[in-house]
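Hi,

Here is the structure I said I would pass on. Have a look through it first, and then read on for what turned up.

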Amino acid sequence: MLTSSILQNKSNWSKEMKYLIPSLGQFLIAMICKFPDYMKQHCQQVGEIIIHLLGTEIRMEINAMQIASAIFERVGIFSDEFLHQLLFQIFTTMHFYRNNTKNKVIPVAITRAIHIFFATFMVNFGDDRLITACDKIQPGILFMILKSEGDKIKFCSSPVRDRKYVIAAYTNLICNKSG
């Protein structure tokens, strides 16, 4: 009942409720992890929330990446169109910070969350799947991001599981695709 209310009432995720979004996000992640079969029926609504949180009007990118990691890890890729939308919104967000902020820098916390999301995706679905999905948006974009933001991988040090995922996923990516 509570989960349905959180998912259906879009005002829960509005700018006015921004202070509650981290807690709502953690609740949603807990539901995804504990009850993935139940959450499968709500994937479309969860996807809309993730895209909304990545938008420049809300700017809750870290929460969006955490929810996205949980949904892909526990439920799987429920829609290729959603995956495309999500990756496009991630790249748009990075572009926004790179071009519309005073320092022209993507905040480390956001880059860290994106690296953890990419690593979680690669661990679960393989690096080829991520590269193929990214290349549909712009050929070579994943490696362009690694070139410009790869040095921030070192900030993905905790929790331990995320550190392991990042090390394993990016090591495999470099080993498989170098040369």
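Let me start with a loop: Arg59 sits in the one between helix 4 (43-54) and helix 5 (61-74). Keep in mind that this is a predicted model. Arg59 isn't a glycine, yet its phi is positive, at about 60 degrees. Its relative accessible area is 38%, which makes Arg59 partly exposed.

Lys104 is another one to click on. You'll find Lys104 in the loop between helix 6 and helix 7, and here too a residue that is not a glycine has a positive phi of about 60 degrees. With a relative accessible area of 43%, Lys104 is partly exposed.

While you're checking backbone geometry, go to the loop between helix 9 and helix 10, where Pro159 is located. The peptide bond joining Ser158 and Pro159 is cis, with omega about -5 degrees.

Now for the inside. Which residues touch the most other members of the largest nonpolar core? They are Ile50, Leu86, Leu87, Ile90, Phe117 and Phe118, out of the 59 residues in that core. The biggest contribution comes from helix 7 (residues 108-125), which supplies nine residues. As a general point, nonpolar side chains in soluble globular proteins tend to be buried together.

Leu87 is a handy place to centre the view. If you ignore its neighbours within four places in sequence, Leu87 is in contact with Phe117 and Phe118, and also with Leu130, Ala133, Cys134 and Ile137.

Some of those partners bring us to helix 8 (residues 127-137), whose buried residues are Asp127, Leu130, Ile131, Ala133 and Cys134. Looking down the axis of helix 8, you'll see these buried residues fall within an arc of 165 degrees, so they line one face of the helix. In general, an α-helix has 3.6 residues a turn, so residues three or four places apart point the same way. What lies over the buried residues of helix 8? The cover includes helix 6 (80-100), helix 7, helix 9 (141-149) and helix 10 (160-177).

Helix 6 also has Phe88, which at 46% relative accessibility counts as partly exposed. For Phe88 and Gln44, the C-alpha to C-alpha separation is 17 Å in space, and the two are 44 residues apart in sequence.

Last stop is a helix pair. How do helix 2 and helix 5 pack, in terms of angle and distance? The angle is about 5 degrees and their axes are 9 Å apart. Angles under 35 degrees count as roughly parallel, and helix 2 and helix 5 are therefore roughly parallel to each other. On the helix 2 side, the contact is made by Ile21, Pro22, Gly25, Gln26, Leu28, Ile29, Ile32 and Cys33, while helix 5 brings in Asn63, Gln66, Ile67, Ala70, Ile71 and Arg74. Sorted by class, this contact of helix 2 with helix 5 has nine nonpolar residues, four polar and one charged.

One residue of that contact deserves a closer look. Gln26 lies in helix 2 (residues 21-34) and is partly exposed, at 43% relative accessibility. Its C-alpha atom and that of Ile67 are separated by 7.9 Å, although Gln26 and Ile67 are 41 residues apart along the chain.

That's the tour. Shout if you'd like to go through any of it together.

Cheers

Note on methods
Residues are numbered from 1 along each chain as its sequence is written. This is a predicted model: local features need pLDDT of at least 70, side-chain atom pairs count only at pLDDT 80 or more; totals for chains, interfaces and linings use all residues. Side-chain values use heavy atoms; hydrogens and water are left out. A nonpolar core is a set of buried Ala, Val, Leu, Ile, Met, Phe, Trp, Tyr and Cys residues joined through side-chain atoms within 4.5 Å. Buried means under 20% relative accessible area, exposed over 50%, partly exposed in between (1.4 Å probe, protein chains only). Helices (H or I, at least four residues) and strands (E, at least two) are DSSP runs, numbered from the N terminus. Contact means heavy atoms within 4.5 Å. The arc is that of the directions from the helix axis to the C-beta atoms. Axes are lines fitted to C-alpha atoms, for helices over the stretch in contact, and angles run from 0 to 180 degrees between N-to-C directions. Angles under 35 degrees count as roughly parallel, over 145 as roughly antiparallel, 65 to 115 as roughly perpendicular and the rest as oblique. Ala, Val, Leu, Ile, Met, Phe, Trp, Tyr, Cys and Pro count as nonpolar, Asp, Glu, Lys and Arg as charged, and the others, Gly among them, as polar.
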